[in-house]
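I am opening my notebook to write down, one look-up at a time, what I checked in this structure. I keep each entry short, and I begin with the parts before turning to the details.

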Amino acid sequence: MYGLGLETRGFNRRTPIVMEEKQRNQYVPQAIEAKWQKIWEEKEIFKAPNPGEDSFDPNKPKFYILDMFPYPSGAGLHVGHPEGYTATDILARFKRMQGYNVLHPMGWDSFGLPAEQYAIQTGTHPAVTTSKNIQGFKKQLKSLGFSYDWSREIATTDPRYYHWTQWIFTRLFDMGLAYQAEVPVWWCPALGTVLANEEVIDGRSERGDHPCERKPLKQWMLKITAYADRLLEDLEELDWPESVKAMQRSWIGRSEGAEVRFRLADRPEEELAVFTTRPDTLFGATYMVLAPEHPLVNEITTPEQREEVAAYQREAATKTDLARTELNKDKTGVFTGAYALNPVFPEDDPRARIPIWIADYVLMGYGTGAIMAVPGGDERDFDFALQYGLKILQVVDGGERPKDPKEAEKKGFVRRVERDGEILECFVGKGVAVHSSNAEISLDGLPTDEAKAKMTQWLESKGLGQAKVTYRLRDWLFSRQRYWGEPFPILHLQDGTIKRVRDEDLPVTLPEMDDFKPSGTFAPPLSKAKDWLETVDPETGKPALRETNTMPQWAGSCWYYLRFMDPHNDKEAWSKEAEQYWGPVDLYVGGAEHAVLHLLYARFWHKVLYDLGLVHTKEPFQKLFNQGMVLSHAYKDSRGALVPVDMAEERGNKFYHKETGEELERIVAKMSKSLKNVENPDDVIRNWGADTMRLYEMFMGPLEASCPWNPDDLPGVHRFLGRVWRLFVPEGKENPPPLRPHLANPGTPDPELEKALHRCIAKVGQDLEGMRFNTAISAMMVFVNEATKRVDQLERTQAERFLLLLAPFAPHLAEELWERLGHTESLAYEPWPSYDPALLVDEEVEIAVQVLGKVRARIKIPKDAEKEFVLSKAKEAVKSQLEGKTLRKEIYVPGRLVNLVAT
RNA sequence: GCGAGAGUGGCGGAACGGCAGACGCGGCGGACUUAAAAUCCGCUCCCGGUUACGGGGUGGGGGUUCGACUCCCCCCUCUCGCACCA
């Protein structure tokens, strides 16, 4: 069994010297890791039985721990992947030892653009690429010793999987939550596809960074807005990072206010609706603004203004959203020539007649695409009014705002500007309504919230408006013009109607195709698969065309956690029984980049499934944890330019440019090919072993923090594992000699070591519950350092218990030593060791003696010494410090310190 | 601009309001060795002092407290998200 993985290549200083290991019985991870991975696989150690199966034990509690499954890219794993995966693996192993039925599966989010792009370039079918990449990923994951139940492996590209993705879509369709609409979407000419808003950043595609443009196209939409309130409310009960909840809340962007309908002057038949969160400021509305694209613009614009308005509209249309928002300081707009009537004033009151402008600071996509402008209460309106000399009225005063106007301005509550000798103010906060009354209603003196309610009520009673809630969240653009995605189970009949494919005709599989090139038109690739495209409606026998759009990559990841519960079910997506037992996911670990979209979409689908009675919980993921990013180092020269890692060399504690000799600053940067600082997990495993890799990933720092990968730190954790090895295995040439003889049988535990072990058990257990892997490892190092100093005193049962603690972290090493101790079964299901709290405290403790909060001495006292005794000992110890002072106060914190307050 | 989070040795990072710097890297010294590697042991926040010890110290400034890395207020820097959302 020795001799595996021994490289004859040259060693660099990162490579542990493994020469002569045979003679010395050294720790050689390469010699044991493959062996244990094979045993776990062959004996199906980590297979989790489902309810109803023979080996299922219903008395055990369940724990469903899930990783965000990866897109199997051609590049393979990078060192960032195993960080989260190692953490979940440790917890899965820990929970198994604690007696849980653990569901810990892995699969592939395998639809997606790169495989299709590759197909376009090389002609290799995406299915081939995908399958190859999956094999590569799987091999890499296995080489890390993860305890996944591989019998549950799924891939979103498998027709046996997307059968049910389509099935869920048909439920959405039946519920009226899936619909088609002509919407302006991002069209990316380079990719030949439409992209979702979230896939376009600053007018360029997220993948490939190609320019994109807006085009109106018929698209499938999912009515996620119907679930906006529930998606918002149910965040409350989730054990998720606050930052993720905050991001989802702002993404949903619920805002409460009122819709107000303004009549147009001289056009009694037309109305203009606006949304406002401040109906209480209606008396201050001195003009209105429409988005340039607003349908009413052309109708109301007067002949004299027509040319100017049209020019402005043209200009706005060519601007991207970015360009429109970038200039957010300089407001631009054009008067339409038309006027509206502010409903709070009588028609013949000159104050009622307010001008209607168009401006691109008003967005068509939000609210009604029109606003009532209250320059005295809104900064944007204030800017605009100043720009174009529009009237500014004060309608809110007091409240949070300081009385003195100068003071108020200084503290940022108001902005004050002088115009034509008049002081104009803008106050956006809450306060008390002023100058807000007419013959029927007066808000004057009312605090903002009451004024809002009163005004809304008045508007309703007059038929002028009503309370309204608006969301920033849009319906979800759900179709893509790609080949490598789930086909929609939809038929287009000749009469123009559409119907969904019957359940018994699912799945609609992707047709084989040779030509993946974009057509150059908006027609998706599937429209070229003629035989597939043209079909018959099985119910009527009439010809029908298949839908040629495909679903976005998000679709498959919306419900994969459910399929894992019952992955081979060919009768239904999952059985009720399996979902009742395993759901919800207890812990979901992944990167923060999925904070909004994936998690929001999955929550949406889950709620729909809940409404259909198909799942029993309102939310899919009870606890969410975001692991940090694994960063790397790079260098920066004096001009601030980044320098790749291979161009820098270290001398002393400083870094210099290899060619210019210039001193460089070492910085932390994201891994990138250009900086040559990408670390490859395969190299680490080959050189150091999987257990070292796992341990290092966890020892870098807290899981949630991002920190730099530093290869120089690898020897540290590797040395630790070597020390563990030597606690069990004597140096020597014997073969087999694999165990220190005194460990063969139980002996008398050394009491000090026993205490140290109990402290270790307690700390590791608590840290695992709190996901503090780095400090758990540190606790084990402390114990091993202790044990190394008295190797011969380490007794068999102590050694065993320690191995069990180590097992979740370094499972190969632990299994190997467990076997050498004479065990024939895997330790994967051994009970987690327990500790005696009484042993955590030493008989004699050292405490600090402070005088005025400064430590002046340390004394040793029995652990349960009387207060009086401790105080007198303490005073004795700091006698010189107390001389000539009066003792004012004595504080004793048992087991910690004494603080003597003397002046 | 708004929201969230973070600033601790040469480096990664530890510290229920109670001895700042656990553990690891690096560095220094020692043991073993013909020698080196590996391994083992010790030291390693900064300043002064041979030691004893003294002084300073957790981005900056205030505050609460017997006692603050930790709690409160103000400011600075960095990271992430949102960004004319009416």
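The entries below go from the domains to the cores, then to one helix, and finally to the RNA.

**Entry 1, domains.** I noted before anything else that this is a predicted model. I then looked up the domain assignment of chain A, which lists domain 1 (166-242 + 475-554), domain 2 (255-470), domain 3 (689-838) and domain 4 (842-902). For domain 1 and domain 2 I also looked up the separation of their centres, taken over C-alpha atoms, and found 39 Å.

**Entry 2, cores.** I asked which residues have the most contacts inside the largest nonpolar core. They are Trp605 and Phe728, and the core itself has 177 residues. I then found that this core lies between domain 1 and domain 3, because both of them give residues to it. Apart from this core I found another one, of 59 residues, with Met288, Phe345, Val396 and Ala451 among them. As background, I wrote down that nonpolar side chains in soluble globular proteins tend to be buried together.

**Entry 3, Phe728 and helix α25.** Leaving aside residues up to four places away in sequence, I listed what Phe728 touches: Pro738, Leu739, Arg740, Leu743, Ala799, Leu803, Leu817 and Leu821. Ala799 and Leu803 are also among the buried residues of α25, so I looked at that helix next. How many residues of α25 (residues 796-806) are buried? I counted 10 of its 11 residues as buried, and the helix is thus mostly covered. Charged residues are included here too, since Arg796, Glu800 and Arg801 are on the buried list. The buried residues of α25 pack against α3 (81-97), α22 (714-728), α23 (751-769), α24 (773-789) and α26 (811-820).

**Entry 4, RNA strand B.** I found 54 residues around RNA strand B, the closest being Thr277, Tyr366, Arg380, Met700 and Arg858. These surrounding residues divide into 20 nonpolar, 16 polar and 18 charged, and α24 supplies the largest share, seven residues. Which part of the strand do the atoms within 4 Å of the protein belong to? I noted that 64% of them belong to sugar or phosphate, and the rest to bases.

**Entry 5, three contacts with the RNA.** In each case I looked up the distance to an N or O atom in a side chain.

- For arginine 472, a phosphate oxygen of RNA strand B is 3.0 Å away.
- For arginine 726, a sugar or linking oxygen of the strand is 3.2 Å away.
- For asparagine 899, a base oxygen of the strand is 2.6 Å away.

How values were computed: Residues are numbered from 1 along each chain as its sequence is written. Chains are lettered from A and ligands numbered from 1 in the order in which they are written. This is a predicted model: local features need pLDDT of at least 70, side-chain atom pairs count only at pLDDT 80 or more; totals for chains, interfaces and linings use all residues. Side-chain values use heavy atoms; hydrogens and water are left out. Buried means under 20% relative accessible area, exposed over 50%, partly exposed in between (1.4 Å probe, protein chains only). Helices (H or I, at least four residues) and strands (E, at least two) are DSSP runs, numbered from the N terminus. Contact means heavy atoms within 4.5 Å. A residue is near a molecule or strand if one of its heavy atoms lies within 4 Å of it. A polar contact is a pair of N or O atoms within 3.5 Å; within protein, one must be able to donate a hydrogen and the other to accept it, and residues adjacent in sequence count only if both atoms are side-chain atoms. Ala, Val, Leu, Ile, Met, Phe, Trp, Tyr, Cys and Pro count as nonpolar, Asp, Glu, Lys and Arg as charged, and the others, Gly among them, as polar. A nonpolar core is a set of buried Ala, Val, Leu, Ile, Met, Phe, Trp, Tyr and Cys residues joined through side-chain atoms within 4.5 Å. Domain bounds come from an automatic or database domain assignment.
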